[in-house]
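This report goes through the sheets, a helix pair, the cavity search and the unusual backbone geometry of one model. The sequence and structure come first.

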Amino acid sequence: MVARLVRIERDNVGLTRGVLPHDVPPARNGAPDGPGLLEARPDGRPPRAKHTARHARTSRPSAPQHTSLSIRSAERRRWSADLTRPDATALVVHGLGGIGKSTLAAQIAARVSRLAPERAVTVLSGEVSAASLAGEPAETDLVVLDDFDDNLTGEAGLLAVGDPALAAVLANWTGKLLITCGTPFTMPAADRDRFVFRHLGPLTRSGAAELALSLPALRLVAEPQRDLAWRLTAGHPRAMEYLDALLAAGQGFDDLAERLAAAVQARTGRSPAKTEPTELSDSAAEVIALVAGQQLFGELFDRLSAGAQDLLVRASVFRPPVAPGVLSARPAHVAECEAAGLLTPRPGRELTVPRSTAGELHRRLAEAGQTARLTAAHRQAAGYWDARTASTPRLGPRAQLEAGFHLRQAGDLATEAESEAEVETEAVAAPTTHDRTPPERRRLRRLGLASAAGVMAVFLAVEAAHGLGASHLTSTKRPERPAHPAAPAPLTQANAVRDQTAAWVASQVSAAAIVACDPAMCSVLVRDGFPAANLLVLGPGAPDPLGSEVVVATSAVRAMFGTRLVSVYAPQTLASFGTGTARIDVRAVAPDGAAAYQTALAADLRARRAAGLQLLGDPRVIGSAAARADLAAGRVDARLLLTLAALAANGPVQIVAFGGGGPTASPGAALRAAEIAAPAATAQAMLAFVRAQRSPFLAARSGLSPGTAGQQLLTIEFALPSPLGLLQTQP
């Protein structure tokens, strides 16, 4: 599939200067000025995307970004040189799923573009046709063919390009190709020397340490534990991200490490904690990474609700990203899967499941005898693409290709299920004949997804010696999983602070506000009822929290942005919970920078003080000593001041108290709640008036409760964030 079409040409250079670290993006407009972001192509092919500045970003979650780390710097330098050799046509980077091939390919392409700016770069992903590839100007282009496995057929170790026409185009290519795939493939002898194959193995200790320090939970553990994480996962980036997600969800590192070590020991007969991944052979390291990934994925999947699990299954069969509506996805289930790191948001809120994650999920479904769920998902996906064929002519060929893929997959799964049912029936009738070989073949076939030939050889040998591990999916045949906890780990101080913060945000922040948070915090917010659609998830590499109105600053978020979080992006604390590394601050985001925000806040405070003094001068406004002090000091929210003035215009207003301030809030934070005492009939009329207002003057909560001396207490409370400038005279 054509996942994206980005061409980096000389004309793009200088389109916009890079945004420097000290720049503050201004408020965003609804649409950028100037020409559109898509440039039409004269040959009728899909338009190509032009580069855009960060200033054009909206409040939507940005596309996942590859963290800018130097963890593969050696491979990037050496393999870029391989690609630029005069006698080389293609660099093929192959390795285990989730090892970082696509990220490295993007870095190599960027390096080659810098060295040869006249060369355009085209990125094609997944299954491609000979016609689409032949349409590219081969003499000047570097074409990146990502996830090339979709174009390969054959048995492991004997894979080749399935489409002869595509194979011929590759063999006659005169430009440069950069290909990523799980396993190497064969080429005709005459072309073999022009294709340079490079295997991408585990991270080095320094690379794994750099990756761990970029992850929100792993970075908080001690250095010996980060080193152990490297050993237990064999330096596999995706497995380390799974481990980080479990730690962020409250799992204890020691318990996780114990279960990982036990799983690897059971499969390989060796203790991973005693061996450095870089000392292992490629196949041995990848077996450990496979086992670690399976164990960690299973624990993440088991923590999902049934609805989130079903969503992940439906999403996992799609090769290109799709919109949540295509998956009938509920926001809460999307947030669950994103917080677990199993579902990735893309531009336009589209969703995708990483290839390696989908492969492991499908393996487990097959192992649990639940291929019917996959069959149904493929049939639904085929229906979607079939409908797109007619509704979107430009996507017709691509939609037909995807629909055909899903129909073939559904048919293959159904045929396999029928064949296995027949074999199992025969096995019951003749147990002495089929007791060993057919079941063993079936179990091994279910594991044969798309791993390297060497990995599969070692992996199958280990499986034959030790048997398959228990499935993490619900099945009537599932054995007990050793050492797996029956319930989540006990609450730590960090968990308790996170829960306290989430409960406060869910009750005090407007459900219409965009709230930025790290994946673990977002998951708890969804659990406490905050709308998942209004959460901006901040993952590793997030450039800033702009686009949100409130940011929940956990230690992970503070680590992402450093001192710039307070000095540039979010200068005001609305509330703070906990102490030390467990401290969580709820902060107001400054869309135009901290200086502009502080200026507006100071002006708003002066206006609130003036309005408060005006109310104190009104004989119909009666208040306690504390309430009068709050009015005089300008501590009362502008919305509340205007509401009180309107109520006082119709009769006496007796203010009992103001409240609604967050714990440990910054100076200038407004009190957003008030209690007013009034006779029953008057209180009812006041309540009706309050509830008849429109935003921004519609209170988040209002109601009556019994007071003293036969009176009623009217409670009015507005939600965060408090708007600035409501009381100031408009020019």
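How many bridges join strand β3 to strand β8, and do the two run parallel or antiparallel? In this predicted model, 5 bridges link β3 (residues 90-94) and β8 (residues 176-181), and the strands run parallel. Within the pair, Ala-90 of β3 has Leu-177 of β8 opposite.

**The parallel sheet**

These two strands belong to an open sheet of 5 strands with parallel pairing, ordered β4-β5-β8-β3-β9. β4 (120-125) and β9 (195-199) are the edge strands, each with pairing on one side only. On average, neighbouring strands of the sheet are turned by 15° against each other, with direction ignored. Helix α1 (residues 73-83) packs on this sheet, where it touches β3, β5 (141-146), β8 and β9. The direction of α1 makes about 145° with that of β3.

The loop between β5 and β6 (152-153) holds Asp-147. Asp-147 is not a glycine, yet its phi is positive, at about 50°. Most residues other than glycine have a negative phi.

**The mixed sheet**

Another open sheet has 5 strands in the order β17-β18-β19-β21-β20, and here the pairing is mixed. Its edge strands are β17 (621-623) and β20, which each pair on one side only. Neighbouring strands in the sheet are turned by an average of 30° against each other, again ignoring direction.

At one edge, β17 pairs with β18 (residues 653-659) in the parallel sense over 3 bridges. Gly-623 is the residue that stands opposite Ile-655 in β18. Two helices can be described against this sheet. Helix α25 (residues 638-648) packs on the sheet and touches β17, β18, β19 (673-678) and β21, with its direction at about 165° to that of β18. Helix α26 also packs on the sheet, in contact with β18, β19, β20 and β21, and its direction makes about 170° with that of β20.

At the other edge, β20 and β21 are joined in the antiparallel sense over 6 bridges. Arg-701 has Glu-717 in β21 as its bridge partner. The hairpin of β20 and β21 has 5 residues between the strands, and in this hairpin Ala-709 takes a positive phi near 55°.

The helix-to-strand angles for both sheets are collected here.

| Helix | Strand compared | Angle between directions |
|---|---|---|
| α1 | β3 | about 145° |
| α25 | β18 | about 165° |
| α26 | β20 | about 170° |

**The α23 and α24 pair**

At what angle do helix α23 and helix α24 pack? Helix α23 (residues 594-616) and helix α24 (residues 625-633) pack at about 135°, and their axes are 6 Å apart. The two helices are therefore oblique to each other. From α23, the residues Leu-605, Arg-608, Arg-609, Gly-612, Leu-613, Leu-615 and Leu-616 meet Arg-628, Leu-631, Ala-632 and Ala-633 of α24. Sorted by class, this contact comprises 7 nonpolar, 1 polar and 3 charged residues.

**Cavity**

Rolling a probe the size of a water molecule over the atoms shows where empty space is left. A search of the whole structure returns 1 cavity of 30 Å³ or more. The largest cavity holds about 30 Å³ of space. Which residues line the largest cavity? The lining consists of Leu-96, Ile-99, Gly-201, Pro-202, Ala-234, His-236, Ala-285, Glu-286 and Ala-289. By class, that makes 6 nonpolar, 2 polar and 1 charged residues.

**Cis peptide bonds**

Most peptide bonds are trans. The bond from Ser-695 to Pro-696 is cis, with omega near 10°. Pro-696 sits in the loop between α26 (680-691) and β20 (701-706). Leu-720 and Pro-721 are likewise joined by a cis peptide bond, with omega about -5°. Pro-721 is located in the segment after β21 (712-717).

Terms used. Residues are numbered from 1 along each chain as its sequence is written. This is a predicted model: local features need pLDDT of at least 70, side-chain atom pairs count only at pLDDT 80 or more; totals for chains, interfaces and linings use all residues. Side-chain values use heavy atoms; hydrogens and water are left out. Two strands pair if DSSP finds at least two bridges between them. Helices (H or I, at least four residues) and strands (E, at least two) are DSSP runs, numbered from the N terminus. Axes are lines fitted to C-alpha atoms, for helices over the stretch in contact, and angles run from 0 to 180 degrees between N-to-C directions. Contact means heavy atoms within 4.5 Å. Angles under 35 degrees count as roughly parallel, over 145 as roughly antiparallel, 65 to 115 as roughly perpendicular and the rest as oblique. Ala, Val, Leu, Ile, Met, Phe, Trp, Tyr, Cys and Pro count as nonpolar, Asp, Glu, Lys and Arg as charged, and the others, Gly among them, as polar. On a 1 Å grid over the protein atoms alone, a cavity is a set of points where a 1.4 Å probe fits but cannot get out, and a pocket is an open set with protein on both sides within 12 Å along at least five of seven lines; lining residues have an atom within 4 Å of a point. Grid points are joined across faces, edges and corners, and a volume is the space filled by probe spheres set on the points.
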